[in-house]
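Here's a quick look at charged side-chain pairing in one model. Have the sequence and the 3D view open as you read.

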Amino acid sequence: MEMWIPSIAEARGTRAQAIVDALGADIAAGRLRTGDRLPTQRELAEALGLSPNTVMRAYSEAKRRGYVVGEVGRGTYVRPADAVPQAGPVALARPLDGPVDLSLGLPFVGAAGEALSATLAELAGSNGLTALLDRGEMRGRHAEAGAVLLRGLGLEAEAERIVLVNGAQQGICAALLALLRPGDTLLTERLTYSPLKALAAHIGVRIHALAMDDEGIVPDSLEAACRSTAPKLLYCTPTLQTPTTATMGEGRREHIARIAAAHDLVIVEDDVFGFLPDSRPLPLSVFAPDHTVFVTSVSKSMAPGLRAGYVHAPDRLLPAISAAVAVSSWMPPPLIAEIASRWIKDGTATRLSEAQRSHAARRQAMARRLLSGHVHYAHPQGAHVWLVLPQYWTARAFAAAAERSGVLLNTAETFATAAEAPAAVRLCLSHESTDERVRQGLATVATLLDAPAESHTLVI
């Protein structure tokens, strides 16, 4: 084929973004096909009159989006249709200088360090340390603590129906591995937890996007999908949905539960943010107990590094989910599970969760003040904000302008399971260590919202 040279003269946003957008459009239109070799970075830079660094950034972003694959010494090629996009490692550090990071949802640590110090001292003086180095001798104790935690969220949890996992993400992964096979259809919200997309690609299942409104999944869309796609599983976040912050009312939850029961559809309910609101509806699992796998963890509610989670499932699904956990990790580390169990039972978990709520409420108040006059959605005690952009901004152009101004954020495309993504971005408020850095970041975002996109276009 002739050397691919995109037409980007009239494109908005940075030149690197324009190259990536043109690449995606040409692949979708069939002008570029699987296996086609792209020009080298230097060749394309010379053809377009750009710097090689600009093309390098474009190719790196194209790889991240899964458009292309590259091999050292061989070149860059259009990605095979069945290739699995590889997500790179996420930097979770909390620097006190450099860009303000509103892209990560890592909760704050708070007073968890002091609680850990006291708990480790107690453990050091106990006679039960040997059991914490064995494979699950104390599983029943830890499952019972998990049941106590889940009962506090409104679920009639039984310890015998709990599977211990290394955080909610492993719980979700185990449920999908246990209940789906390559080629199956997975239903989820039109905008969803971004790692779910990569996980679905790895398993080889098709995602079918469901319409959403201000309560999350639209029942008519779910009913239609059940009739037309024969789905095996529905993944959703009914409380403080990521990224839109929507929360289903109980009437909506009852409706979704009836549809699931009618079509024998299994629901994976992700409830990692369920602890944040002072008042919340009952879990979806309450309305569909025989069809729902409930997943939560303590990483959001207590401390991000405490990787302990709980999966509560119907008896008929427990063996498959337990086997999926065993295949991937055997079990969570008993020491971590023990710390979580002690904190749940001695009230530390409640105190740490209250601190997380207070922290979230303070930063949400800041966001309401600084984003006043702009369309955005958030819960007063939620961890993030869903910001709808003015008509003169595209999400990608806004994100690029924000990054140039020292703020990192995620566009709707990151969470989209359908072809079209809205012009919106997610702002996470919990990751940054200081309120001042969050204030600076939100103030920068507010300033950008007030100016047309053209005034921020940078040609590189």
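## Asp278 and Arg357

Asp278 is exposed at 61% relative accessibility, while its partner Arg357 is buried at 15%. Here buried means under 20% relative accessible area, exposed over 50%, and partly exposed in between, with a 1.4 Å probe and protein chains only. The two side chains meet in a salt bridge, 3.6 Å from N to O. That pair ties together distant parts of the chain, 79 residues apart: Asp278 sits in the loop between β10 (266-270) and α10 (284-287), and Arg357 in helix α13 (residues 348-370).

A salt bridge here is a side-chain nitrogen of Lys or Arg within 4 Å of a carboxyl oxygen of Asp or Glu. Helices (H or I, at least four residues) and strands (E, at least two) are DSSP runs, numbered from the N terminus.

## About the model

This is a predicted model, where local features need pLDDT of at least 70, side-chain atom pairs count only at pLDDT 80 or more, and totals for chains, interfaces and linings use all residues. Residues are numbered from 1 along each chain as its sequence is written, and side-chain values use heavy atoms, leaving out hydrogens and water.

## Arg342 and its network

Arg342 pairs with Glu122, with the closest N and O atoms 3.5 Å apart. This one links helix α12 (residues 334-346), home of Arg342, to helix α4 (residues 112-124), home of Glu122, 220 residues apart. Arg342 is partly exposed at 21%, and Glu122 is partly exposed at 46%. Both belong to a salt-bridge network with Arg141 and Glu338.

## Arg31, and the tally

Arg31 bridges to Asp26 at 2.8 Å between the closest N and O atoms. Arg31 is exposed at 56%, whereas Asp26 is buried at 13%. The count comes to 19 salt bridges.
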